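This report walks through one model, taking its strands, sheets, loops and contacts in turn. The sequence and the structure are shown here for reference.

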Amino acid sequence: MLAGLSLQFGVDVNSLINVLWLVSILVFFVYGQRLQVYIITGEISRALNRLKVMRDKSRKEAIDYFTSSGKTTGDPTQRIDEFLDYVTIMPVDMDPNGIVGKLQHITNTRDERVRAEVGQLIPNSDPTKVSVAENILEIATSLNQIHKIVRHYYLLGKKTNSYMLLFQLQMIMPMVLQEADALINAVDTFKLGQPVGDGIGPVIASRYMLNLPKQVVGKDTVMAVTEYKGRTLYVLKAEGPMGYVGEPGVAIQKLVEEMKVPLNAIIMVDAALKLEGEKTGEVAEGVGAAIGGIGVDKFKIEEVSSTQKIPVYAILVKQSLLEAITIMRKEIAEASDKVQTLINRVIEEKTKEGDKVLLAGIGNTLGVGQ
Amino acid sequence: MSSSSQEHKSKLLVFTIEECPACGQKTKRAFQVGDFVTRDGGRCPKCGNTTKITMIYAELPPKA
């Protein structure tokens, strides 16, 4: 057949194929990167659209939540839109001395402002509703920020023909989408006031605080005093069932420095992000301040424990980001008995009768009372 | 497919666990809005005491 074609067109087909190969190699050599960029920009564009859909959904959910509370004073849309672009300017870190105090001041100012504004939008609402509204607003703000940053680098990469910028953006997109996906899924959990995976610490602390008198020892933070096998046990958690994380750092500092409680050990229970391959609900034990966030509370706990030579023990319950901010999974809930056994063992092994021990349940305490 | 993606596709069922402080009887029921851990629950089916909500969690529906 090839011989027939050669005769018919008077061309050697083998040579033709060879020329075509050479041309295609040349085209790919010269335009290969552009072709790759074309494919990558298409992928980023689709991901950006997904982010936009998520951003719009979270915004709508926030507006619906405020409106459905039935107590809004007028249309909250404009105020919520203003909140989505609310910025927190971090302090200068050229001279890091004293930066933690500045950070605490800035974050406290932001939190108070947000709570006051939410309180004005839904006046006379119970604290749980206000805290849920704060959390939903925070999710919408985060998604808005993620969308804006990704869009910025996408447009900048296209505008400046920066292939490397687009390649890097495409490489991190699956992780960005995973985070955004976790945030949008958290909205339903918050709306219903259900405990999140991150609330495992407060759940365990609440077991030790049940039916005991509580005192406020920091913003949104409560403490109860009990006894365990001859030891005085100070139990700390954020005030629930509101969606608060409290100020455990401030509370521990107050307990040691102002209330002059000579602690012999601090036990912290918190959720920890699992590595891929680790099982949800796995319990890990260690030492050090088990607390996330911006670092203010961690700094305060480390400061007070190191100056007073108080050992800090950590108990962690592993979970993914999605599981940490959405309804608590059965595997995480089932880990609570194991954690309680571990806490009791640490108290018995690391302290003696007459000692004073602090147990802190760290995390968002939505749906967990005390 | 990861377990998280599987959960995404099938809706999770949310349960509230009520525990009797007197006899330790545990009751599992569907979550209702307003439930929170440490809140008083219903009457214990075994001894009639007031129960406490000790846990709220989600699990995948049983496979058909």
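## Two hairpins in chain A

In this predicted model, strand β1 (residues 215-218) of chain A runs antiparallel to strand β2 (residues 221-228) of chain A, and 3 bridges join the two. Within this pair, A:V216 has A:V222 of β2(A) as its bridge partner, while A:G218 stands opposite A:T221 in β2(A). The hairpin that β1(A) and β2(A) make has 2 residues between the strands, and in it A:D220 takes a positive phi near 60 degrees.

The strand β2(A) is also joined to strand β3 (residues 231-238) of chain A, by 8 bridges and again with the strands running antiparallel. Here A:E227 is the residue that stands opposite A:T232 in β3(A). The hairpin of β2(A) and β3(A) has 2 residues between the strands, and A:K229 takes a positive phi in it, near 45 degrees.

## The sheet of chain A

The hairpin strands belong to an open sheet of 7 strands in chain A, whose order is β1-β2-β3-β7-β4-β6-β5 and whose pairing is mixed. Because β1 and β5 (283-287) of chain A stand at the edges, each with a single partner strand, one side of each is left without a neighbour in the sheet. On average, and with direction ignored, neighbouring strands of this sheet are turned by 30 degrees against each other. In general, the strands of a sheet pair through backbone hydrogen bonds, in either a parallel or an antiparallel way.

A helix is placed against part of this sheet: α8(A) lies across β1, β2, β3, β4 (265-273) and β7 (356-361) of chain A, and runs at about 105 degrees to β1(A).

## Backbone features in the loops

Most residues other than glycine have a negative phi, and most peptide bonds are trans. Against that background, the bond that joins A:G240 and A:P241 is a cis peptide bond, with omega at about 5 degrees. The residue A:P241 is placed in the loop between β3 and α8 (248-258) of chain A.

Two further residues other than glycine have a positive phi, and each of them sits in a loop: A:N211, with phi near 60 degrees, is in the loop between α7 (200-209) and β1 of chain A, whereas B:T38, with phi near 90 degrees, is in the loop between β2 (26-30) and β3 (40-43) of chain B. Which of the terms buried or exposed fits A:N211? Since 10 other C-beta atoms lie within 10 Å of A:N211, this residue is exposed. For B:T38, 20 C-beta neighbours are found inside 10 Å, and B:T38 therefore counts as buried.

## The sheet of chain B

Chain B has an open sheet of 4 strands in the order β2-β1-β4-β3, and the pairing in this sheet is antiparallel. The edge strands are β2 and β3 of chain B, each of which pairs on one side only. Neighbouring strands of this sheet are turned by 40 degrees against each other on average, with direction ignored.

One pair in this sheet can be followed in detail: strand β1 (residues 13-19) of chain B and β2(B) pair in the antiparallel sense over 5 bridges. In this pair, B:E19 has B:K26 of β2(B) as its bridge partner.

## The domains of chain A

Chain A is divided into domain 1 (30-192) and domain 2 (197-361), and the C-alpha centres of these two domains of chain A lie 29 Å apart. Across the boundary, 16 residues of domain 1 of chain A are in contact with 12 residues of domain 2 of chain A. On the side of domain 1 that touches domain 2, the elements that give two or more residues are α4 (99-121), α5 (127-159) and α6 (163-192) of chain A. By class, this side of domain 1 has 7 nonpolar, 7 polar and 2 charged residues.

## Where the chains meet

How many residues of chain A are in contact with chain B? There are 20 residues of chain A in contact with 14 residues of chain B. On the side of chain A that touches chain B, α7 and α11 (330-350) of chain A are the elements that give two or more residues. By class, this side of chain A has 10 nonpolar, 8 polar and 2 charged residues.

Definitions and conventions: Residues numbered from 1 in each chain as written. Chains lettered and ligands numbered in written order. Predicted model: local features only at pLDDT ≥ 70, side-chain atom pairs only at ≥ 80, totals over all residues. Pairing = 2+ DSSP bridges. Buried ≥ 20, exposed ≤ 12 C-beta atoms within 10 Å, placed from the backbone. Axes fitted to C-alpha atoms, helices over the stretch in contact; angles between N-to-C directions. Contact = placed C-beta atoms within 7 Å. Nonpolar A, V, L, I, M, F, W, Y, C, P; charged D, E, K, R; others polar. Domains from an automatic or database assignment.
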